[in-house]
Structure formats: C-alpha cells, structure tokens
Amino acid sequence: MYETIGLWVAAILTLAVFSFLYKENPLYRFAEHVVVGSSLGYTIVITYQRVLYPRLVEPVFLHGESLVLIVPAMLGLLYVTRFFPRIAWLSRYPMAFLLGMGMGMAFPYDMQAYILRQIQATLIPLYTPGAPWYNTLGAVVIVLGTLAGLIYFFFSKPHKGPFFGFGSKVGIWIIMIGFGATFGFTVMGRISLLIGRVQFLLSDWLGLLH
Amino acid sequence: MLKHLELLLLMVLLPFGIAQAQEVGPQDATAPAVDSSNPSDSSAVSLDTALEVVPPVEIAPPGAVTVSDFPNDAGDHLLVSFEPSPDEALGILVYRIYRRTPGATDGTEEWAVVKTVAAGDHTEIVDGYDPDYLVTQGTQYEYRVAAVTADCREIPGEVTVAQVVGRGEWFHTEKLKVLIGCIIFISLIFYYFKRAQMCHELYLRPIPGIDAIDEAIGRATEMGKPILYVPGLSGIEDVATIASLTILNRVAKKVAEYQTPLRVPNRDPIVYTVAEESVKQAYMEAGRPDSYEANSVFFVTDSQFAYVAAVNGLMTREKPATNFYLGMFWAESLLLAETGSLSGAIQIAGTDAITQLPFFITTCDYTLIGEELYAASAYLGREPKQVGSVKGQDACKGIVMTLVTVGIILSLVDIFTGGATDPSKSLLLKLQGLVDVTSLE
Amino acid sequence: MINWEKFLNIDRRWLYLLIAVVVIVPFFIRMGLPVVPSDEVRSIYNLVDSLGPDNAIFIGWDFDPGTEAENQPMGVAVLRHALDRHVPVFITAVSPLGQGLAEQGAASVFDTRIPGNFVYVPWAEWEPFRAAGYVGRDSLESAWKAAGNSLPEGARGWVFEGVDFALLGYLPYFGLVVLGMGTSIATQYPTDAYGNNLREMPMLRAHKNLREIDLAVTLAGSTACMYWVVYGTSRVGLPVAFGVTAVMATDYYPYIQSGQIVGMMGGLRGAAEYEVLEHEGGHTETTGKAYRGMDVQSLAHILIILFVILGNIAYFAGGFHKKTALKSGR
Amino acid sequence: MKRTVPMMIAMIGGIIMMIQYFIPHQVSQDVFNYYTEWAPLVGSFALVLGVGSLTRVHIHKIRAKAPNWPYSYAVLIPLYLIPVFAFFLPASIGGGTGKPSVFDFMYSRVQIPIQATMFSMLAFYIASAAFRAFRAKSALATILLVTAIIVMLAQVPIGDLFGRWLPDTGLWILRFPNLAAKRAIELGVGFGMLATCLKIIFGVERGWLGGAGE
C-alpha cells in the first residue's frame with residue numbers, strides 16, 4: 001500500500017515537472033516549491049541525527065562528559081544573531097572561525113594536490129622507447145598542449161612572437177578541443193538523466209519493461 | 001589488512017594442524033580459528049598458555065628486535081623491525097608483534113598484539129597506526145615477536161626493551177617541497193599586491209574581448225536597439241560577479257555616451273543594488289546623468305528558471321541588438337543564449353563555469369574564457385586588488401611554464417644521451433624529482 | 001525556396017517531442033549493442049576483483065538526487081561486485097540527501113524479491129552469534145547456516161551488517177572527515193547511520209583507519225569527489241577511484257594520468273561498462289539499468305548530432321552568418 | 001569588535017592551520033584534532049540561517065500577498081512538517097525516520113523524483129539548442145563542434161558500427177588533448193583558489209563580512 005501510493009505520487013510529480021516543457025503551469029510551480037522546503041526539512045533531521053545528537057547532545061547533555069564541546073556549540077549559536085539586526089555582527093565570529101581555519105587547512109593540501117602533483121605529471125618524457133606512436137604523440141600533446149594552454153592564459157605579455165604568439169594560438173585550439181570533449185560529455189550526461197526518468201516511468205511505474 | 005591473513009592461512013592449513021588444535025581445546029575445529037581471526041581483539045593473549053604446548057618440531061624463535069623512532073610524526077609511532085626465525089621454512093605462518101608498557105602493573109601488564117605479519121613478508125612495521133593501541137610519546141615499551149606455526153603454536157622470541165622512545169618532530173622534512181612551493185606562491189602574490197597598490201602601471205595585455213564589447217555596443221547604437229546585460233545568476237561573493245560588475249561599468253559608460261537604451265535584469269537582490277549604483281555612476285562620469293532611465297536596472301526574481309523565462313520574454317519583445325552574458329551561469333546559459341541567437345542579436349559571453357563555456361562558445365559571437373573574464377575586468381577596472389591578483393598568478397604560471405619548457409629541452413637531451421632508456425642518466429627525471437611529492441602519499 | 005528562417009524558428013516543443021520519442025521507443029525495440037569497457041573503468045573493476053574478505057573499501061555516495069540517474073547505477077554496480085567478492089564495504093555521504101540515496105541503493109541490492117540479490121542480516125539480528133564469538137566471516141556464515149537459516153531461491157549470499165557492510169552515512173565538512181579518518185574512522189563515526197556502535201563491528205576492528213582501506217570509490221555530481229584525493233590520497237596514500245557524472249568526467253583525466261586516481265567511471269556509460277565487466281566476471285546474472293540505457297543513449301546522440309548538422313545547414317544556407325559577424329570575433 | 005576581531009580570528013586561525021600542516025609534533029596534532037572535532041559542530045548551526053531566511057522570505061510573501069503567494073505554503077509546510085514527524089510523532093501515525101514514515105515518503109517519493117526530473121529536462125533544452133543555436137560560426141567553434149560530435153559518437157555503442165577507429169579516436173582525444181587543456185585550466189583555477197585562500201586569510205578579500213550590518 002505504502003509502496004503503491006509512493007510510486008503513484010512519484011510518477012505524478014515527475015509528470016508535473018515535465019509539463020513545464022509544454023507550458024509553465026501551477027502544478028510545476030507547486031513541485032518547484034515543495035522541493036525547496038522538503039530538501040531543507042530533510043537536512044534538518046539528518047543534521048540533528050548525524051551531528052548534533054552524537055557530537056553534542058549525547059556526550060554533553062546525556063552523559064555530562066566533554067563539557068568543552070559547549071564552546072563550539074555557543075560559537076555555532078552565534079549564527080542565530082543574524083536575525084537580530086543590532087547584534088547581527090556576532091554571526092561573523094563562527095564564519096571567521098570556519099572560513100579562516102578552513103582556508104588555512106586547505107592551502108598546503110591544495111598546493112600539493114592541484115599544483116605540485118600536476119606539474120610533476122607534466123614533466124614526462126616526450127619519447128619513451130617502445131611506446132606505440134599514438135602514445136608518443138599523446139605525450140607530446142600533453143606536454144606541449146599544457147604549455148600552450150598556460151601561454152594562452154598568461155596576461156603579462158602580448159600574444160606576439162614565436163613563443164607567445166604561436167603558443168597562444170596552439171593553446172586556444174587545444175582548449176577548444178577540451179571544450180568539445182566537455183560539450184559531448186555534457187550532452188551525454190543530460191540525456192542519461194532523462195533516460196533515468198523514462199526508465200522510472202516505464203519500468204517502475206507502468207511495469208512495461210523487464 | 002594483514003590481520004585477516006592469519007585466518008585465511010589457518011583455514012587453508014587447518015587440515016594439517018587439526019589434531020594439534022584439538023589438543024588445545026575441545027571445541028569444534030572452527031572455533032579456535034574464530035578466536036585467532038582477530039588477534040588484536042584478544043589483546044589478552046597469554047604467552048604462557050602458548051608456551052605449555054610441546055613443540056613436535058624444534059623451531060628457532062625470531063631473533064633480535066630493533067625499535068627506532070619513526071621520523072616526521074608526533075612521537076606516536078615507532079619503527080619496529082625483527083630478525084625472522086632461521087627456521088621460517090619449517091612451517092611458520094605469521095609473526096605476531098606484541099607490545100606492553102613495563103612497570104605499569106609491576107611487570108604483569110598483559111601483552112597486546114599490535115601487528116601480525118605474514119612470514120616471508122616485510123620484517124619492519126610501523127607501530128602506532130592502530131587507534132586502539134596508540135603509542136604515547138616518551139613511553140618506553142617492551143616488545144616481543146612470536147612466530148606462529150601452521151599448527152597454531154606460538155614460538156616467542158626474547159623480550160626486548162625498546163631502544164628508543166617516540167619523539168615528536170617540529171618539522172616534517174618530507175613536506176619541504178610543499179613549504180617551498182607555498183613560500184614562493186605567497187611571496188609572489190604579496191609582492192604583486194604591493195606593487196599594484198603602489199604604482200598603477202603594471203602591464204596587462206589587452207584582451208581582444210574588450211574590442212568585441214565596444215564593437216557590439218556600436219552595432220546596437222547603429223540599429224537603435226537596446227543592449228541587454230545579464231550580470232550572471234550568482235551572488236556578490238562570486239569573483240565572476242564582481243568582474244562582471246566592473247565590465248558593466250565600462251559598458252554603461254559607452255552606452256551613456258551613445259545614448260543607447262540598456263537593460264540589466266538581476267536575479268540576486270544584492271547584486272541588483274550594486275549594479276544599479278554602478279550604472280548610475282557611469283552615466284554621471286559620462287556627463288549624462290539626466291539620460292539615466294530609472295528602470296533600466298531591475299530585479300526579476302530569485303527563481304532560476306522563472307528568471308530565464310522573464311529574460312527570454314524581454315528578448316523576444318524588445319529584440320535587443322546586443323546581449324552580454326558575463327558572470328556566473330548554470331544550466332540556464334543554454335536557454336538564454338539560444339533565445340538570443342534566434343532573435344539575431346550579437347552575443348558576448350564570459351564565465352568561469354567550465355561546463356557552460358562550450359555552450360557559450362557555440363552560441364555566442366565572442367566568449368571570454370575563464371580567467372580572461374577576470375583579466376578583462378582587471379584591465380578595465382585597474383583596481384589594485386584585481387590587477388595584483390592577476391599579476392601574481394601570472395608570475396606563478398610563468399614559473400610553471402619555465403619548468404615545462406626546461407622539461408621539454410631535457411627530454412630531448414635525454415633522447416640523445418641515452419637518458420630516455422636509462423632512468424639513472426635521465427636529466428628530466430632529476431627535474432621531476434624537484435616537484436615530486438608522492439613520498440607523502 | 002525553403003524559408004530557412006521559419007525552419008530555424010520552429011516551435012521548440014516539436015523538438016522536445018522528437019527527443020521524447022527517441023528516448024522512449026528504443027526501450028521496446030532492444031538492439032543490445034555491445035559496450036566495450038575502457039581502461040579507466042577496467043582498472044577499477046580489476047582492483048575490486050583482486051580484493052577479498054581481508055580487505056575493505058569505501059563507497060562515497062557523494063551526489064544529490066539531481067544526478068541519481070547517472071551515479072546510482074555506478075554505486076549499485078560497485079556495491080554488488082564488492083559484496084559478491086565478500087569485500088567489506090563502508091558507505092559514506094557528503095550531503096544529507098546522499099545518505100538517503102545510499103540507503104535506497106543498498107536497499108535495491110538487498111531486495112530479495114529480485115533474484116541475484118543479497119540477503120541482508122542487520123546488526124541486531126545476529127547479536128547472539130556475536131556474543132558466542134563468531135565474528136570471522138566464514139565461521140559466522142557456517143554458524144548462521146547451522147542455526148537453520150537458508151538462502152532463498154536466487155539469492156547470491158548473506159550480507160552481515162558490521163562484517164560485510166556498514167552504512168556510516170552523512171557528516172558535514174567532509175574534507176575534514178576524510179582527514180580525520182586517516183587516523184581513526186571510529187572517532188569520526190562513533191556510530192553508523194542507524195546508531196549502532198561502530199567500534200564493536202568486526203569490519204571496523206580489522207580496518208581502523210584509511211591506511212587500512214584498499215580503495216575508496218566516490219560517486220559524485222560535484223567537485224566533492226576531490227575531498228578524497230586532496231585529503232585522503234595526499235595524506236595517507238588512499239587509492240581513490242571516481243564515479244562522476246559525464247558533465248564532470250572530462251575534467252578529471254589529468255588526475256588519472258598523474259596517478260592520483262586509480263580509474264574513473266564517466267556517466268551512465270561508465271556505469272554500463274562496469275555492469276558489463278561484472279556480468280562477464282560472473283558476479284551478476286544480468287546487466288543492470290545503465291547497460292539497458294545505452295541503446296537509447298546511442299539513438300539520442302544520433303538525433304542531437306542530426307539537429308546540429310541540420311541547424312548549421314539552415315544557418316549557412318539562409319545567410320544568417322553574414323548578419324552578426326564581428327570584426328574582432330573568432 | 002564588529003569587523004576587526006572576526007578578521008583577526010580568520011587570520012590567526014588561517015595561519016595556525018597553514019603552519020600546522022608542516023609540524024608533526026603533538027601540539028600541532030592537538031590543534032588539528034580540536035578543529036576537526038569542532039568545525040562540523042559549529043558548521044551545522046549554519047543550517048539555522050538557511051531555515052530562518054527561507055521562512056522569513058515566505059512568511060513575508062504570504063503576508064504581503066505577493067504574486068504566487070499560495071505556493072509559499074508548499075515550501076513552509078514540508079520544511080516544518082518533516083522534522084515534526086521525524087522527531088516528535090510516533091511511528092503509528094507516520095512519525096520517526098524508519099520505513100514507512102512521512103520522513104521517508106517525502107524524501108524518496110517527493111524529493112528524489114522532482115529533483116531528478118528537473119535536471120533531466122536539460123536534455124530537452126540541449127536538443128532544442130542543438131538545432132537552433134549551436135553554430136560553427138568560426139574556426140574555433142567548428143573544431144569544438146567536430147570534437148564534440150566525435151566524442152558523442154565514440155561514447156555510445158552505436159559508434160562502434162563505424163569501426164574501432166572512432167571510439168579509439170574519441171578516447172585518444174579524451175586522454176591527451178583534452179587532458180592538456182584541462183590541466184592548463186586547472187592549474188589556473190588552482191592558483192586562483194590558492195590566491196583566494198590567501199586573500200581571505202590576510203583580510204584582502206572581505207566580501208564574506210558583508211550582509212550582517214555594520
């Protein structure tokens with residue numbers, strides 16, 4: 001019973017959203033609004049269950065241990081001051097704590113994973129004996145392509161001369177090929193999402209597929 | 001991961017040792033295997049009971065245990081190595097490494113199994129990774145390694161008092177390269193911030209997109225049709241939005257000079273107020289504050305697709321000659337640019353959203369790609385913060401470009417000097433070693 | 001003379017209708033075109049296939065309902081494969097909504113009404129066996145069988161919660177959670193998503209931190225997947241594999257080449273490839289939803305390509321390109 | 001107090017965490033452990049902001065009888081009803097978080113289908129744009145479209161019908177030129193990210209302070 005009603009509600013809502021393709025209508029608007037409220041409502045429940053209860057309520061209020069956790073809780077509560085204009089500035093404290101420390105923590109890790117590792121992976125041999133020609137060509141494309149791409153996004157020198165002029169031309173071509181790949185994959189992804197919904201309607205709801 | 005190995009091996013060899021197992025306890029054959037499956041759980045394994053069993057084959061115990069400090073830690077790890085038993089081939093399956101704190105309970109504290117290693121595998125382990133058996137800084141432990149045979153016998157080695165205690169270090173030597181990278185980056189960025197604040201003449205190359213912007217405004221003026229400017233759908237905290245607002249100021253100035261109508265629909269209320277301010281100011285600077293139309297900058301709605309519907313409606317009704325989409329966009333980019341392209345407008349886009357860029361490139365006449373948007377706005381705005389940021393990042397890119405160029409040269413040299421086949425001769429690999437941080441993983 | 005302007009300005013609802021037809025009809029005319037797995041997917045499959053009960057993997061359900069169609073089949077495929085190999089699986093989520101999707105994904109694998117699934121034994125249900133000391137997987141299964149439990153028709157095996165499977169669920173600031181798990185999983189997750197004590201679970205006792213984990217597969221529709229690389233791989237060398245939406249997939253090839261990630265499933269196609277490998281490896285009786293979608297995907301791509309070509313023909317034949325060309329354009 | 005102190009907190013916190021990475025000593029580990037324990041707790045309170053501002057916006061709409069105001073109830077009712085059912089009501093009338101419950105129903109039968117469908121509509125939009133707007137206007141746009149078509153064919157099984165060369169070419173494009181383009185972009189993005197970190201820590205970028213009055 002629960003399953004059947006659920007299936008029908010899900011199917012009707014799916015169709016309600018699709019109806020927008022024909023024309024904007026109240027059913028679509030209803031679905032659009034419900035989703036905003038329900039996602040936040042769901043998040044409240046999960047956040048309490050996963051964070052506030054095990055990390056604050058249980059240790060501090062039920063067992064009376066780790067009383068130091070009251071400090072971050074108070075800090076977090078300062079967010080609420082945002083609704084009282086006169087003391088709203090207090091809400092900057094928890095933000096400063098999270099933002100500052102978060103950024104500081106991320107900095108060296110980002111340097112390691114996004115910069116150093118990537119440079120290292122670009123310093124590869126152009127020619128490896130025994131490699132098939134398409135891989136050798138590939139290695140050349142990786143190294144020269146990355147260099148050319150960097151030249152294109154380099155703003156301190158005009159795009160003139162053999163290095164910067166030619167380099168930036170190659171760079172934009174490489175970048176366009178990269179965007180072409182993104183384009184193709186984006187089309188693919190959007191269609192996949194539609195396939196998912198069609199599968200739901202045809203298979204789960206109408207039971208037409210096996 | 002090796003902890004379960006013992007169980008696996010025992011299961012395989014169980015038939016051989018089953019007689020022995022039954023002597024140990026009267027349970028069914030699987031039960032003892034269950035107990036030993038998680039040696040670390042049964043931290044109270046007593047060595048004495050194991051000793052009572054009389055070994056049928058004489059197997060020498062494992063040899064000396066050496067404990068050394070583990071580098072680059074908080075003093076909470078120890079490097080333990082042992083000499084394997086010379087009779088390893090005679091049926092030793094695994095080694096168990098035991099640890100205890102001496103003197104805590106007058107020497108009777110129970111031994112804890114901190115690690116189990118398969119025989120023939122490595123004989124060096126790092127103690128302290130297991131959060132249930134933490135190593136405390138400054139404590140002198142005792143270690144003992146026992147060999148375990150296929151028939152579940154334990155042959156314990158000598159008790160060794162650890163030669164060292166765990167010491168915490170104040171600098172992680174493996175992270176030196178990351179530190180150097182960080183220092184170079186931070187100094188370059190701050191150097192250029194200072195430079196940009198002190199003198200305003202830092203060179204930035206002109207971006208072709210800026211000419212396209214001017215040309216497109218001119219085209220709209222010729223046709224006597226309005227210009228549409230969408231400052232992205234994101235909030236003011238987005239760098240792309242800030243860059244877009246700088247460019248809007250420039251566009252508004254030109255528009256004020258040419259007396260062309262301007263339409264700036266907004267999705268974010270804060271962006272709306274800033275955009276309105278900026279346009280008003282531009283009209284003032286152009287000397288035509290009177291020709292500013294009060295409703296040319298307006299707030300539409302905060303709902304993404306309702307916003308698109310409204311802007312698309314505007315495009316079909318008023319048929320603007322030029323559309324600007326600069327800022328942060330999501331899926332709506334497609335719908336906006338499609339409608340604009342059908343209305344025959346010239347379209348200029350710019351965003352740092354990589355997934356939306358391909359759509360803009362194929363539907364618009366000119367597209368500012370990613371950082372070009374920031375650079376264009378820094379070029380136009382000449383705001384020290386933005387110029388300094390672009391210049392500082394450029395300097396870093398310059399370093400990377402140099403490294404890659406040197407890499408290319410070394411790679412070519414390697415082909416002729418034989419470094420391509422012999423890694424020890426390769427100059428490229430030496431250069432690669434400078435940025436190699438894989439040892440941290 | 002064709003009126004190109006009218007042709008191009010066709011009501012878009014006709015185009016919508018064509019797409020709708022193309023994604024519905026092929027479901028009824030099965031073509032069963034072969035899907036050839038790529039190296040990027042094969043390396044994930046091979047890694048999971050080389051693992052056994054002594055190893056453990058993480059699957060991060062790091063996406064929201066919006067990309068469910070692409071990410072969910074990947075998650076289900078990897079989960080199925082790992083459970084069939086008796087590799088213990090920890091499941092986490094970057095967002096609250098992801099936890100719900102993980103529960104749904106797991107439920108679809110544990111639905112015994114469908115053959116080829118697994119029988120789920122909740123933590124509380126085998127409590128007496130635990131008390132009796134049966135915590136090793138094989139001894140537990142034999143004891144469980146000896147107690148009169150038998151596998152229903154078509155089921156592939158038992159999944160004991162706490163031995164084979166644990167749903168850890170969502171925690172905020174997931175980058176920090178990954179960092180913290182590098183030291184100890186249990187301090188980050190004292191309990192699983194159902195409130196069971198994680199420290200008591202045999203699979204946690206054998207794998208106490210990320211150093212003892214052999215693979216983390218993150219299924220993501222956003223850059224959240226990078227948490228595992230930046231904070232997991234960089235800190236404790238955790239092997240990470242990506243299962244990302246097609247939209248993002250092209251961005252992560254640099255990380256495969258640099259060796260920071262083991263492999264990648266890109267979009268529904270990636271999931272279909274995994275399903276094919278799994279089916280060939282004898283881990284499933286049939287291929288799943290993703291593979292079935294591939295026929296449709298093929299035809300839809302052909303249609304879109306046709307649209308692009310027709311649109312461009314009309315555009316150039318109608319002379320529209322002359323109207324808007326910019327001198328400084330490119 | 002209002003601006004300087006938060007900026008100081010951000011700066012000191014940021015510098016401590018940056019240095020912490022390089023120091024393996026116990027003192028530094030303790031700082032790190034406190035942070036990992038505290039941050040999720042502090043952060044979870046930010047949810048209050050989301051709930052509060054959403055409530056305020058919609059109550060305002062209802063009071064002002066703004067256009068489409070009845071839909072505001074469709075936001076507020078699930079927002080508050082889901083937690084009430086999940087926390088306070090017994091399972092017999094659909095409370096709790098088990099299955100069946102209002103909580104589970106609203107998630108798996110309302111939330112998932114709506115959100116998934118909204119995203120899937122983009123397939124239709126792309127189809128229409130493919131016909132009406134994706135133009136090979138210039139050499140660069142042409143190369144982009146050609147690459148896209150090759151990749152699109154290479155990624156679906158029907159591409160194999162043209163011969164193995166097509167999928168192989170597609171994969172080659174993804175693994176080499178695409179990789180080079182993405183690496184160049186990501187290096188730029190990476191430097192940008194690092195610069196943003198620095199700007200926030202050292203108070204050059206103060207945008208985050210805004211929106212809370214002076």
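## A tour of chain C and two interfaces of chain A

Between chain C and chain A, the contact takes 59 residues from chain C and 47 residues from chain A. Select both sets to begin. Everything shown here belongs to a predicted model.

**Stop 1: the interface of chain C and chain A.** With both sets displayed, the area buried between chain C and chain A is about 4500 Å². Carbon and sulfur atoms give 65% of that area. Next, pick out C:Phe27, C:Val247 and C:Gln257 as sticks: these residues supply 12% of the area that chain C buries against chain A, more than any other three residues.

How many salt bridges does the rule find across the interface of chain C and chain A? There are two. For one of them, select A:Asp204 and C:Lys289, which form a salt bridge with their closest N and O atoms 4.0 Å apart. The cut-off for a salt bridge is 4 Å.

**Stop 2: chain C by itself.** Hide the other chains and show chain C as a cartoon. The secondary structure of chain C comprises 16 helices and eight strands. Turn to the C-alpha trace, which spans about 85 × 45 × 30 Å along the principal axes of chain C.

Colour chain C by burial. Of its 330 residues, 66% are buried. A contact map is useful at this point: taking contacts in chain C between residues at least 6 apart in sequence, 73% join residues at least 24 apart.

Switch to a surface view. Chain C has an accessible surface of about 10900 Å², and 57% of this surface belongs to carbon and sulfur atoms. Now colour the charged side chains of chain C: 24 are positive and 31 are negative. The centres of these two sets lie 10 Å apart.

**Stop 3: the interface of chain D and chain A.** Bring back chain A and add chain D. Here the contact takes 113 residues from chain D and 114 residues from chain A. Chain D and chain A bury about 10700 Å² between them, and 81% of this is on carbon and sulfur atoms. On the chain D side, select D:Phe45, D:Tyr71 and D:Arg183, the residues that lose the most area to chain A. Together they account for 6% of what the chain D side buries.

Which residues form a salt bridge between chain D and chain A? Select D:Arg109 and A:Glu3; their closest N and O atoms are 3.3 Å apart. The rule finds one salt bridge across the interface of chain D and chain A, and the tour ends there.

Key: Residues are numbered from 1 along each chain as its sequence is written. Chains are lettered from A and ligands numbered from 1 in the order in which they are written. This is a predicted model: local features need pLDDT of at least 70, side-chain atom pairs count only at pLDDT 80 or more; totals for chains, interfaces and linings use all residues. Side-chain values use heavy atoms; hydrogens and water are left out. Helices (H or I, at least four residues) and strands (E, at least two) are DSSP runs, numbered from the N terminus. Buried means under 20% relative accessible area, exposed over 50%, partly exposed in between (1.4 Å probe, protein chains only). Contact means heavy atoms within 4.5 Å. Accessible areas come from the Shrake-Rupley method with a 1.4 Å probe; for residues, only the protein chains shown count as cover. Lys and Arg count as positive and Asp and Glu as negative; His and the chain ends are not counted. The place of a charge is taken as NZ of Lys, CZ of Arg, CG of Asp or CD of Glu. Buried area is the accessible area (1.4 Å probe) that two parts lose on being put together, summed over both. A salt bridge is a side-chain nitrogen of Lys or Arg within 4 Å of a carboxyl oxygen of Asp or Glu.
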